[in-house]
Amino acid sequence: MTDLQVVVVSYNTRELLRDCLESLGESRLPGRTVLVTVVDNHSPDGSADMVASDFPEHALIRNRNLGWSHGNNLGLLRAPARYHLLLNPDTILPPSALAETLDYMEAHPDIGALGPRLVLADGSLDAACRRGFPTPANALAKFSGLARAFPGSRRLGAYNLSYLSPEDTADVGSLVGAFMLLRARALEEIGGLDQTFFMYGDDLDLCYRLGTMGWRVVYWPRVTVLHYKRAASSGNARAGREFFQAMRRFYDKHYGRAVVPLERAMVMGGISMVERFSGRGKGGAA
């Protein structure tokens, strides 16, 4: 069995994808076997042809664009492995990233999902790399601006965990799907990604279900990965719509059944109001 399968779902990010795959090629993994599977969601920029010509050693799946979750599930089925890494094409890995994160997972068998520190192109922390869940209270604090005004508050900063030091390892609610190392046994227990999430929210949902099954979800900043972010969604009106649709799906799936109709109506109304005034039609991210 392969030690690690890396699944990269790409859409219209050819040059970033090339850089990502080159960084994977520089990874040092002595004594371990690795399979890289690229699932291209019908990119119009020639991404799939580039992978076929420049990286023939990688498995390539030319897919219809049925979403990020569908593409990842398709890639995960490609080969059995002890660990699976969901990796976005707009990331650059340091050479030791795979070996170090695998070592940490091996040493902690109760971890179902592990994520590194992600930094943006300007060097700042990608706040989505360690999160709580978008409960109504957390979402209100985030979108009202209170979380940004009081980042040290455990209550108001509970979604992006802004009160935690980026230097500290922590058990968290959710990681981001840009780099998420998953234990195969844990992934099998929860049944993969929920394909009703086209893009956005699927990583939150995945980590939520891991937690309900007793698996730890851990942010581990010993490794730092560069994340350009929104490379495929910037300027994409559908991405903006899907961001808010994901919020609605996540709420209904995990909270909606336990609340009175009035609360649900208020939450859905709040999401619609934020959507209307946020300018998310140009694309966005959680």
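**Exercise 1. Determine how strand E6 pairs with E8 in this predicted model, and which residue of E6 stands opposite leucine 181**.

Step 1. Strand E6 covers residues 111–119, and 2 bridges join this strand to E8.
Step 2. The two strands, E6 and E8, run antiparallel.
Step 3. Opposite leucine 181 in E8 stands leucine 114.

**Exercise 2. Find how many bridges join E4 to E8, and which residue stands opposite leucine 181**.

Step 1. Strand E4 spans residues 81–87 and is joined to E8 by 5 bridges.
Step 2. E4 and E8 are antiparallel.
Step 3. Leucine 85 is the residue opposite leucine 181 in E8.

**Exercise 3. Sort the residues of E8 by the way they point, and state whether they are buried or exposed**.

Step 1. E8 consists of residues 179–183.
Step 2. In a regular strand, side chains alternate between the two faces of the sheet.
Step 3. Phe179, Leu181 and Arg183 point one way, while Met180 and Leu182 point the other way.
Step 4. E8 is mostly covered, with 5 of its 5 residues buried.

**Exercise 4. Describe the packing of helix H1 against helix H2**.

Step 1. Two packed helices are described by the angle and the distance between their axes.
Step 2. The axes of H1 (residues 14–25) and H2 (residues 47–54) come within 9 Å and cross at roughly 30°.
Step 3. Angles under 35 degrees count as roughly parallel, so H1 is roughly parallel to H2.
Step 4. The crossing of H1 past H2 is right-handed.
Step 5. From H1, Arg14, Leu17, Arg18 and Leu21 meet Ser47, Met50, Val51 and Asp54 of H2.
Step 6. The residues of this contact comprise 4 nonpolar, 1 polar and 3 charged.

Terms used
Residues numbered from 1 in each chain as written. Predicted model: local features only at pLDDT ≥ 70, side-chain atom pairs only at ≥ 80, totals over all residues. Heavy atoms only, no water. Buried < 20%, exposed > 50% of the residue type's maximum accessible area, 1.4 Å probe, protein only. Helix = DSSP H or I, 4+ residues; strand = E, 2+ residues; numbered from the N terminus. Pairing = 2+ DSSP bridges. Axes fitted to C-alpha atoms, helices over the stretch in contact; angles between N-to-C directions. Parallel < 35°, antiparallel > 145°, perpendicular 65-115°, else oblique. Left-handed = near helix turned anticlockwise from the far one by under 90°. Contact = heavy atoms within 4.5 Å. Nonpolar A, V, L, I, M, F, W, Y, C, P; charged D, E, K, R; others polar.
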